[in-house]
Amino acid sequence: NSILDISHATSLKFYQDWMKVNKKIKFQLPTINFKKKVLSNNPFDVVLGVDEVGRGSWAGPLLACASFILPENFNDLPNIYDSKKMSKKNRRAIFNNAYIFSKYSICSVSVEEIEYFGINGANDLALLRAIFCLIKYIEKKSDTNQNFIICVDGNRKPKFENFNKLYSIIQDKIKVKCFVKGDTKIISIALSSILAKESRDIIMK
């Protein structure tokens, strides 16, 4: 199951043209201190942040979100940070307006899948689904081949290879990096955390 924002689809041509002019700045790397931290030496790498919600819940699905912040919006973003420290009102405002400054994919695993794969396996599957959907969307809107840096919250690297039928399609295009307390360091991880949490709250109502 996936919810992918396609109602405000835009081409990545602007992204590509913009980066040709701003190669030295590397604004495509959406860290909270993105002017100071570089995740890649390739200015055309696309950086996605991912996070999940529902791991410790007794009921309901586990949701994961992958997000990409549009580079033209980096200097005019809302106050995005750790979702656990934000008010529900501010989280919902970001959720309602995320289509303006980002592209994202939200995917889930069912209770049955959690029971079958275990919590870690289900977590990895949800993340992989969200990453896969967003990458395919970006590729559809781009006229060049893209490589993707996947920023994951925490110190555990997901075992995507356990779901090789899906993973093999994007394996050569992605590089996964883990960040402890990533939702306080990487803006797109923080955004994904907010979008996943708000989506799950809506589902559980």
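# Reasoning through a predicted model

Colleague: Why is Ser-193 called buried?

Modeller: In this predicted model, Ser-193 has a relative accessible area of 8%, and because a residue counts as buried under 20%, Ser-193 is placed in the buried class. Ser-193 is found in helix H5, and when residues up to four places away in sequence are not counted, Ser-193 touches Asp-51 and Ser-83.

Colleague: What makes the link between the side chains of Ser-193 and Ser-83 a polar contact?

Modeller: The two side chains are joined at 2.8 Å, and the cut-off for such a pair of N or O atoms is within 3.5 Å, so the link between Ser-193 and Ser-83 qualifies as a polar contact. A related case is Glu-113, found in helix H3, whose side chain reaches the backbone nitrogen of Ser-110 at 2.9 Å. Leaving aside residues up to four places away in sequence, Glu-113 touches Ser-108, Gly-118, Ala-122, Leu-125 and Arg-129.

Colleague: How do you know that H5 is largely enclosed by the rest of the structure?

Modeller: The conclusion rests on a count, since 13 of the 18 residues of H5 are buried. As for the length of H5, its 18 residues should span 26 Å at 1.5 Å a residue, and the end C-alpha atoms are 26 Å apart, so the two values agree.

Colleague: How far apart are the end C-alpha atoms of helix H3, and how does that compare with a straight helix?

Modeller: H3 covers residues 111-141, and although a straight helix of 31 residues would reach 45 Å at 1.5 Å a residue, the end C-alpha atoms of H3 are only 33 Å apart. H3 also has a kink of about 120°, centred on Gly-118.

Colleague: What is found when helix H2 is put to the length test, and which elements do its buried residues pack against?

Modeller: H2, residues 88-101, has 14 residues and reaches 20 Å from its first C-alpha to its last, close to the 20 Å expected at 1.5 Å a residue, while a kink of about 40° is centred on Phe-95. Phe-95 is one of the buried residues of H2, together with Arg-91, Ile-94, Ala-98 and Phe-101. The buried residues of H2 pack against strand E3 (62-69), strand E4 (102-109) and H5.

Colleague: How many aromatic pairs does a search of the whole structure find, and what makes the pair of Tyr-116 and Phe-117 edge-to-face?

Modeller: The search finds three aromatic pairs. In the pair of Tyr-116 and Phe-117, the centres are 4.9 Å apart and the planes stand at 90°; because rings pair when their centres lie within 6.5 Å, and planes over 60 degrees apart count as edge-to-face, Tyr-116 and Phe-117 meet both conditions. Tyr-116, at 68% relative accessible area, is exposed, whereas Phe-117, at 35%, counts as partly exposed.

Colleague: Why, then, is the pair of Phe-160 and Tyr-167 called tilted?

Modeller: The ring centres of Phe-160 and Tyr-167 lie 6.0 Å apart with their planes at 45°, and because 45° falls neither under 30 degrees, which would be stacked, nor over 60, the pair is tilted. Both Phe-160 and Tyr-167 are buried. Elsewhere, Tyr-116 and Phe-117 join Phe-163 in one aromatic cluster.

Colleague: What makes the phi of Lys-181 worth a remark?

Modeller: Most residues other than glycine have a negative phi. Lys-181 is not a glycine, yet its phi is positive, at about 55°. Lys-181 lies in the loop between strand E6 (174-179) and helix H5 (187-204), and its 60% relative accessibility is over the 50% cut-off, so it counts as exposed.

Colleague: Why is Lys-159 called partly exposed?

Modeller: Its relative accessible area is 45%, and because that value lies between the 20% and 50% limits, Lys-159 takes the middle class. Lys-159 is found in the loop between strand E5 (148-153) and helix H4 (164-170). Lys-159 and Asp-124 are 35 residues apart in sequence, and their C-alpha atoms are 6.4 Å apart in space.

Colleague: What does the protein chain come to as a whole, in helices and strands?

Modeller: The chain has five helices and six strands, which run β-α-β-β-α-β-α-β-α-β-α from the N terminus on. Of its 205 residues, 50% count as buried, and the chain exposes about 10300 Å², of which carbon and sulfur atoms supply 51%.

Methods. Residues numbered from 1 in each chain as written. Predicted model: local features only at pLDDT ≥ 70, side-chain atom pairs only at ≥ 80, totals over all residues. Heavy atoms only, no water. Buried < 20%, exposed > 50% of the residue type's maximum accessible area, 1.4 Å probe, protein only. Helix = DSSP H or I, 4+ residues; strand = E, 2+ residues; numbered from the N terminus. Expected span 1.5 Å × (residues − 1). Areas by Shrake-Rupley, 256 points an atom, 1.4 Å probe, with all protein chains shown as cover. Bend = angle between axes of the 7 residues up to and from the residue. Polar contact = N/O pair within 3.5 Å; in protein donor to acceptor, adjacent residues only side chain to side chain. Contact = heavy atoms within 4.5 Å.
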